Amino acid sequence: MTYDRPNRRLAIPGQLATIRFMSPHRAAEGVDILVIEDDPTIGRNLHAGLLASGYHAHWSRTGESGLTQARLAAPDVVLLDLGLPDTDGVEVARALRGEHPNLLIIILTARADDIDIVVGLDAGADDYLVKPVTLTVLLARLRAQLRRQPAVPAGSDPIRLGDLVLDVAARRCLLAGREVDLRPKEFDLLTALARRPDTAVTREDLMAEVWDENWFGSTKTLDVTMAALRRRLADESAGSTPLETPTISTLRGHGYRLETPPDGKSTMLS
Ligand code: CA
């Protein structure tokens, strides 16, 4: 079922088989989802589709009512449209992230431009989907995101690379003892590289590890997140005291490699 073609049937045999295999109802148990979407057809289909898949779902039609609902109900996930009648969805994402640090925010947007994706992710969204999107794909991405939430087993030791300390269990990134405020996907991407310093990691492996093991779409989201991660690390490193910071090299046609700082002691403590 696509949102722009609401009358199309959801159930085709292949999709049903996949859904049964992924056991969506178990994944959906106790998960509260807030849909912030003004389009009546998309909103209604999304709300009904989530309920039918076993999620608790609430539908708000404006940015303001969505923010109010999020304060009242503390949802686990927000599916957020960017083109809202009262507030820009990017502002809603920023406000949600500020008030609910652990909330999973997935942007649903008709805007496919790089800049919109960058702004959305920078505002605190964890992922985005470009409309029109099928309910099947949306549910798959949702499950992938939910599986990622407790991605790292508690108790693993921090990774130290020069002045950079990545405490994966606590989800903290410290540079010379100072907290670096990374968005969830930036943190995951840095972790994926820092787990194997000075080793080439392919784009495919990063996509699979950070986003979804069954990723088959565009890898633009990787470029966008990588650019944001580099920018944040560069901003934090730009100070009066020179820091021993790892750098991320681009390997054309292959992927990336995290280089340990020249004199930095590279220790994998885990
Ligand atoms: Ca809209």
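## Close-up views of a predicted model

Asp38 counts as partly exposed, since its relative accessibility is 31%. Here, buried means under 20% relative accessible area, exposed means over 50%, and partly exposed is in between, using a 1.4 Å probe and protein chains only. This is a predicted model, in which local features need pLDDT of at least 70 and side-chain atom pairs count only at pLDDT 80 or more, while totals for chains, interfaces and linings use all residues. Residues are numbered from 1 along each chain as its sequence is written, and side-chain values use heavy atoms, with hydrogens and water left out.

**View A. Asp38, Asp81 and Gly83 are the protein donors of the calcium ion.** The donor atoms are OD of Asp38, OD of Asp81 and O of Gly83, and they lie 2.1 to 2.3 Å from the ion. Donors are N, O and S atoms within 2.8 Å of the metal (3.2 Å for Na, K and Ca); water is not among the atoms, so sites may look incomplete. Along the sequence, the donor spacing reads D-x42-D-x1-G. Asp38 sits in the loop between E1 and helix H3 (40-52), and Asp81 sits in strand E3 (residues 77-81), so this pair, 43 residues apart, links distant parts of the chain. The names come from DSSP runs: helices (H or I) have at least four residues, strands (E) have at least two, and both are numbered from the N terminus. Is Asp81 buried or exposed? Asp81 is buried, with a relative accessible area of 5%.

**View B. Helix H4 (residues 63-73) has its buried residues on the same side.** Look for Gly63, Gly66, Leu67, Gln69 and Ala70, which are the buried residues of this helix. They share a side of H4 because they cover an arc of only 165° around the axis. The arc is that of the directions from the helix axis to the C-beta atoms. What do these residues pack against? Their partners are strand E1 (32-36), strand E2 (56-60) and helix H5 (89-99), where contact means heavy atoms within 4.5 Å. After H4 comes Ala74, with a positive phi near 45°.

**View C. Strands E10, E12 and E11, in that order, make an open sheet with antiparallel pairing.** Two strands pair if DSSP finds at least two bridges between them. Strand E10 (200-202) and strand E11 (247-251) are at the edges with a single partner strand each, so one side of each has no neighbour in the sheet. On average, neighbouring strands are turned by 30° against each other, direction ignored. Three bridges join E10 to strand E12 (residues 255-259); among them, Ala200 is partnered with Arg257 and Thr202 with Gly255. Five bridges join E11 to E12, and here Leu251 has Gly255 as its partner. The hairpin of E11 and E12 has three residues between the strands, and Gly253 in the turn has a positive phi of about 70°. E12 is largely enclosed by the rest of the structure, because four of its five residues are buried.

**View D. Helix H9 (residues 203-211) keeps its buried residues on the same side.** Those residues are Arg203, Leu206, Met207, Val210 and Trp211. They cover an arc of only 100° around the axis, which puts them on the same side of H9.

**View E. Gln145 is a buried residue of helix H7 (residues 135-148).** Its relative accessibility is 3%. Which side chain makes a polar contact with that of Gln145? The partner is Lys185, at 3.4 Å. A polar contact is a pair of N or O atoms within 3.5 Å; within protein, one must be able to donate a hydrogen and the other to accept it, and residues adjacent in sequence count only if both atoms are side-chain atoms. Leaving aside residues up to four places away in sequence, Gln145 touches Leu104, Ile106, Asp126, Asp127 and Lys185.

**View F. Some loop residues have backbone angles worth a second look.** Most residues other than glycine have a negative phi, and most peptide bonds are trans. Lys131 and Pro132 are joined by a cis peptide bond, with omega about 0°; Pro132 lies in the loop between strand E5 (127-130) and H7. Arg171 is not a glycine, yet has a positive phi of about 55°. Arg171 belongs to the loop between strand E7 (164-167) and strand E8 (172-175), and is partly exposed at 36% relative accessibility. Ala176 has a positive phi near 50°, in the loop between E8 and strand E9 (178-179).

Key. Axes are lines fitted to C-alpha atoms, for helices over the stretch in contact, and angles run from 0 to 180 degrees between N-to-C directions.
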